[in-house]
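Thanks for coming, everyone. I'll put the sequence and the model up on the screen, and then we'll walk through a few parts of it.

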Amino acid sequence: MITSSATPPAARTAAPPSKRQAGAGLLAAELRVAIMRSSRRLRAEAASRDISPGQYSVLAAILHGPLTVGQLAEREMIQAPSMTRIVNGLESAGYVTRGENPLDKRQVLVQITGDGSAILRKARSRRTQWLAKRVAALSPEERETLREAARILQEMSAV
């Protein structure tokens with residue numbers, strides 16, 4: 001007969017799988033709400049008279065290389081005509097240019113300009129400043145918890 005003293009400590013304190021799954025579901029719901037609210041707030045902080053959240057997202061997508069309007073629409077999960085309107089606005093503002101796609105002459109490639117890169121950096125800076133101000137108000141222990149949470153979230157999203 002195995003006594004409780006022979007049972008490993010982890011086995012004595014671990015919740016049964018069904019309770020762990022229920023706990024994971026509740027935590028997932030709480031994380032989803034917190035992440036969505038934070039994401040909305042960060043988008044709002046980057047928005048300005050110069051650039052909308054949708055335009056910001058397009059500029060970020062083409063920062064490291066041009067994409068077609070179709071690729072941008074797919075990436076942003078919107079219809080191509082909607083993406084065309086966003087690209088038209090960015091082009092009118094001087095933030096992107098359109099060029100010939102060497103692989104398919106029927107398509108154009110959307111590329112970020114120097115002004116587009118500058119406005120993107122400015123928007124990112126506003127987001128970072130907003131978040132840094134809030135992080136600075138936390139205790140060292142809370143900042144360490146967030147550092148660990150950021151690492152875990154990055155790992156989870158890389159899968």
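Let's start at one residue. Look at Asn 101. Leaving out residues up to four places away in sequence, Asn 101 touches Thr 68, Gln 107, Val 108 and Leu 109. Where does Asn 101 sit? In the loop between E2 and E3. Is Asn 101 buried or exposed? Its relative accessibility is 7%, so Asn 101 counts as buried. One more number for this loop residue. Asn 101 and Pro 66 lie 35 residues apart in sequence, and their C-alpha atoms are 9.4 Å apart in space.

Before going on, a word on confidence. This is a predicted model. The mean pLDDT of the protein chain is 88, and 86% of the residues reach 70 or more. The exception I want to flag is residues 1-12, where pLDDT is below 50. Beyond near neighbours in sequence, that stretch has four contacts in the model. Where pLDDT is low, the predicted coordinates should not be read in detail. So I leave that stretch alone from here on.

Now the overall layout. The protein chain has seven helices and three strands. Along the sequence, the pattern reads α-α-α-β-α-α-β-β-α-α. Of the 159 residues in the protein chain, 19% are buried. What share of the contacts with a separation of 6 or more comes from residues 24 or more positions apart? The share is 50%.

Next, the sheet. It is an open sheet of three strands, in the order E1-E3-E2, and the pairing is antiparallel. E1, residues 67-68, and E2 stand at the edges with a single partner strand each, so each has one side without a neighbour in the sheet. Helix H3 packs on this sheet and touches E1, E2 and E3. The direction of H3 makes about 95 degrees with that of E3.

How are the strands joined? Two bridges link E1 to E3, running antiparallel. Five bridges link E2 to E3, also an antiparallel pair. Now residue by residue. Leu 67 stands opposite Val 110 in E3. Thr 68 belongs to strand E1, and its bridge partner in E3 is Leu 109. Leu 109 is also the bridge partner of Gly 99.

Stay with Thr 68 for a moment. Is Thr 68 buried or exposed? At 6% relative accessibility, Thr 68 counts as buried. Setting aside neighbours within four places in sequence, Thr 68 is in contact with Asn 101, Gln 107, Val 108 and Leu 109. That takes us back to where we started. Asn 101 has Thr 68 on its own contact list, along with Gln 107, Val 108 and Leu 109.

On to the helices. First, H4. Which residues of H4 are buried? They are Val 69, Leu 72 and Ala 73. These residues cover an arc of only 100 degrees around the axis, which puts them on the same side of H4. The general rule is familiar: an α-helix has 3.6 residues a turn, so residues three or four places apart point the same way. What covers the buried residues of H4? The cover includes H3, E1, H5 and E3. After H4 comes Met 77, with a positive phi near 60 degrees.

Then H5, residues 80-92. This helix has 13 residues. From first C-alpha to last, H5 reaches 18 Å, close to the 18 Å expected at 1.5 Å a residue. The buried residues of H5 are Met 83, Val 87 and Leu 90. Down the axis of H5, they fall within an arc of 55 degrees, so they line one face of the helix. On the other side of H5, Arg 85 and Ser 92 are exposed.

What do the buried residues of H5 pack against? Two helices, H3 at 53-62 and H4 at 69-76, and two strands, E2 at 96-100 and E3 at 108-112. H5 is followed by Gly 94, whose phi is positive, near 85 degrees.

To pull this together. H3 touches E1, E2 and E3. H3 is also among the elements covering the buried residues of H4, and the buried residues of H5 pack against H3 as well. So when you rotate the model, start from H3.

Methods. Residues are numbered from 1 along each chain as its sequence is written. This is a predicted model: local features need pLDDT of at least 70, side-chain atom pairs count only at pLDDT 80 or more; totals for chains, interfaces and linings use all residues. Side-chain values use heavy atoms; hydrogens and water are left out. Helices (H or I, at least four residues) and strands (E, at least two) are DSSP runs, numbered from the N terminus. The expected span of a helix is 1.5 Å times one less than its number of residues. Buried means under 20% relative accessible area, exposed over 50%, partly exposed in between (1.4 Å probe, protein chains only). The arc is that of the directions from the helix axis to the C-beta atoms. Contact means heavy atoms within 4.5 Å. Two strands pair if DSSP finds at least two bridges between them. Axes are lines fitted to C-alpha atoms, for helices over the stretch in contact, and angles run from 0 to 180 degrees between N-to-C directions. pLDDT is the predictor's confidence in each residue, from 0 to 100.
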